[in-house]
Amino acid sequence: MIAWKIWHDTRIRFYASIFFVLGISVLHVALFPFLKGIIKMSEIDVSQIPEVRNMIESFVSYTNIRWFEEIERNAIFGVILALGGVLAEAKSKTILLTLGLPVKRRTWIFFQFGMVMLFLLALNLLASPSLIAGGYIYNQSIPLSHILLGTFMLTLTAAPFVGMTILFTSISGDNLRACLYSFAFLILTNKLDFFNVADPWLPESFMRTLVEPTFHWQALISIVGITTVSLIAAIKRFEQTDY
Amino acid sequence: MSDKIIETIQLTKTYGDLRALDRLDWSVPSGSICGMLGPNGAGKTTTLKILLGMNHLTSGKALVHGLDAATQTTDILKSTAFVAEDKILYDKMSVENFLRFYGSFFPDWSLSTAENFIAKWNIPFGTRMNALSKGNRTKLLLASALSRKSSLLIFDEPTEGLDPTGIEEVLSSIAACASEGNRTILIATHRLDEVERICDRIAIINRGRLQLSGDLDDIRSQWKTIGAIGDVPVDAVRKWENVQNAEREGLRIKLIVNSNPQLISTRLREQYHISNVEIQDMNLREIYLAATGFTGGSNHDRLENLA
């Protein structure tokens with residue numbers, strides 16, 4: 001019933017997220033020929049820009065770069081779904097009702113994290129048929145195993161953002177501020193990626209494992225580390241708070 | 001198991017410089033209905049929250065069912081039903097969903113009992129909780145708690161927001177619940193009439209300290225006012241053991257004593273040669289005012305203050 005409550009609190013955001021993810025996945029498929037055409041028309045020498053060259057080379061490489069390696073979209077859904085929950089209940093004053101149930105405070109946080117990760121996995125899986133359909137449309141089918149592996153990995157990259165959102169909610173007790181702090185953290189990691197700072201350690205780098213022969217273990221350590229630390233800090237904060 | 005279902009030992013809680021609870025030593029025996037009284041900010045709600053692990057104690061110890069409230073909260077909550085002062089519900093849930101959700105955490109909870117309360121108290125079953133009136137929210141929370149067979153029920157201001165009929169219904173149900181087996185009920189409230197009606201014990205807390213605790217009938221038999229006319233030095237009498245307060249009203253001296261009224265009456269007669277000494281009963285309101293140190297003002301002022 002803990003899971004049911006989290007589902008009940010989050011379901012509207014989850015339904016809205018499904019709508020957006022499906023829309024974005026359809027757009028992703030539909031935009032491929034347009035992007036190809038625009039780049040060709042622009043007379044850019046794509047041989048000098050490997051990322052652009054790869055992107056228009058095939059629908060598979062386009063999907064790897066635009067769908068799997070751009071983790072921000074998934075992180076944004078993670079932040080939105082992780083907001084609220086028991087940590088924000090002090091503001092709505094239902095916290096005493098919730099704390100009157102024989103459930104450890106840390107259990108609420110573990111469940112919230114787990115449920116949000118499940119929601120994200122479901123969202124990414126729901127987008128998979130569009131990617132498969134795109135493969136058929138452009139006669140460049142993507143293996144199902146590749147899509148599934150990418151989906152699991154993509155879901156995993158959102159874990160630090162979900163963890164940080166839970167931590168920020170435990171600190172601020174307020175959805176709006178937690179949302180702002182979480183997006184600031186997302187922008188920070190995005191900028192680090194853009195300027196190639198600490199690149200191997202960024203969650204973005206983990207997705208390159210999907211297309212490169214090397215396993216980006218630093219990125220995985222970073223994902224697991226940030227998630228674990230943020231959840232432990234959130235639990236500590238929650239358990240020490242008087243309501 | 002100890003026959004004290006609740007026990008606090010030197011329980012202290014501070015918020016910065018504010019000492020909300022100050023070395024509170026208090027216990028509630030199993031099977032009693034205890035009314036917890038005290039002015040606003042006395043420390044009643046803080047005590048309840050510490051007992052249920054919602055607040056952390058600064059020092060001392062709090063035990064419920066013999067379990068440490070600081071470390072065994074989940075076990076305490078399994079056998080304790082609680083209704084908080086703020087009767088706030090999950091607005092997006094329906095009444096039916098809330099009952100199923102709440103009940104799922106407690107094996108001792110009965111849906112049929114809850115449904116009986118819902119029907120008896122006319123709470124709309126299929127409604128979303130944000131459509132419920134304040135009174136119905138209070139009733140719903142009480143119905144949820146009373147549908148458990150827990151050995152301890154703790155209510156913080158249980159009749160808040162209820163109309164007179166609702167108050168009657170709720171108090172009757174609480175009293176009936178108490179009569180089922182060995183159940184202990186602790187009620188924190190400002191409503192002295194409700195405490196007088198259903199409680200067999202009281203505890204009065206003021207400024208974080210226990211002022212008075214015990215069996216209500218025993219307290220009534222010990223707390224008396226003694227009136228006498230004569231030349232009696234008030235300041236000297238005030239220092240006597242068991243004299244809570246002494247005041248002069250014209251020629252008349254009025255003492256409030258918290259024990260041995262006969263002994264004090266005899267002492268007054270013998271020491272100051274007064275023949276006309278009257279011992280009078282005190283009602284709970286007077287006992288409460290005396291125990292919390294309220295001395296000044298007319299009866300009208302006192303009533304205003306209480307309101």
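## What sits over helix H10 of chain A

Let's start with a helix and its neighbours: helix H4 (72–82), helix H9 (159–172) and helix H11 (203–206) of chain A are among what covers the buried residues of H10(A). Helices here are DSSP runs of H or I with at least four residues, strands are E runs of at least two, and both are numbered from the N terminus. "Buried" means that 20 or more other C-beta atoms lie within 10 Å of a residue's own, "exposed" means 12 or fewer, and "partly exposed" is in between, with C-beta atoms placed from the backbone.

A quick note on the model: it is predicted, so local features need pLDDT of at least 70 and side-chain atom pairs count only at pLDDT 80 or more, while totals for chains, interfaces and linings use all residues. Residues are numbered from 1 along each chain as its sequence is written, and chains are lettered from A and ligands numbered from 1 in the order in which they are written.

## The two sides of H10(A)

Which residues of H10(A) are buried? They are A:Ala178, A:Ser182, A:Phe185, A:Leu186 and A:Thr189. These residues cover an arc of only 100° around the axis (going by the directions from the helix axis to the C-beta atoms), so they lie on the same side of H10(A). Flip to the other side of H10(A) and you'll find exposed residues, including A:Leu176, A:Ile187 and A:Lys191.

Just after H10(A) comes A:Asn196, with a positive phi near 55°.

## Two helices packing in chain B

Over in chain B, helix H4 (residues 111–120) packs against helix H5 (residues 134–146) at an angle of about 150°, and their axes are 8 Å apart. That angle makes H4(B) roughly antiparallel to H5(B), a label used for angles over 145 degrees. Axes are lines fitted to C-alpha atoms, for helices over the stretch in contact, and angles run from 0 to 180 degrees between N-to-C directions.

On the H4(B) side, the contact is made by B:Ala114, B:Phe117 and B:Ile118, and on the H5(B) side by B:Ala143, B:Ser144 and B:Leu146. Two residues are in contact if their C-beta atoms, placed from the backbone, lie within 7 Å.

## Chain B and an enclosed helix

Chain B has 12 helices and 14 strands, and 41% of its 307 residues count as buried.

Now look at helix H11 (residues 284–291) of chain B: 6 of its 8 residues are buried, so it is largely enclosed by the rest of the structure. Among those buried in H11(B) are B:Leu284, B:Ile287 and B:Tyr288. H11(B) is followed by B:Gly293, whose positive phi is near 80°.

Note on methods:
Angles under 35 degrees count as roughly parallel, over 145 as roughly antiparallel, 65 to 115 as roughly perpendicular and the rest as oblique.
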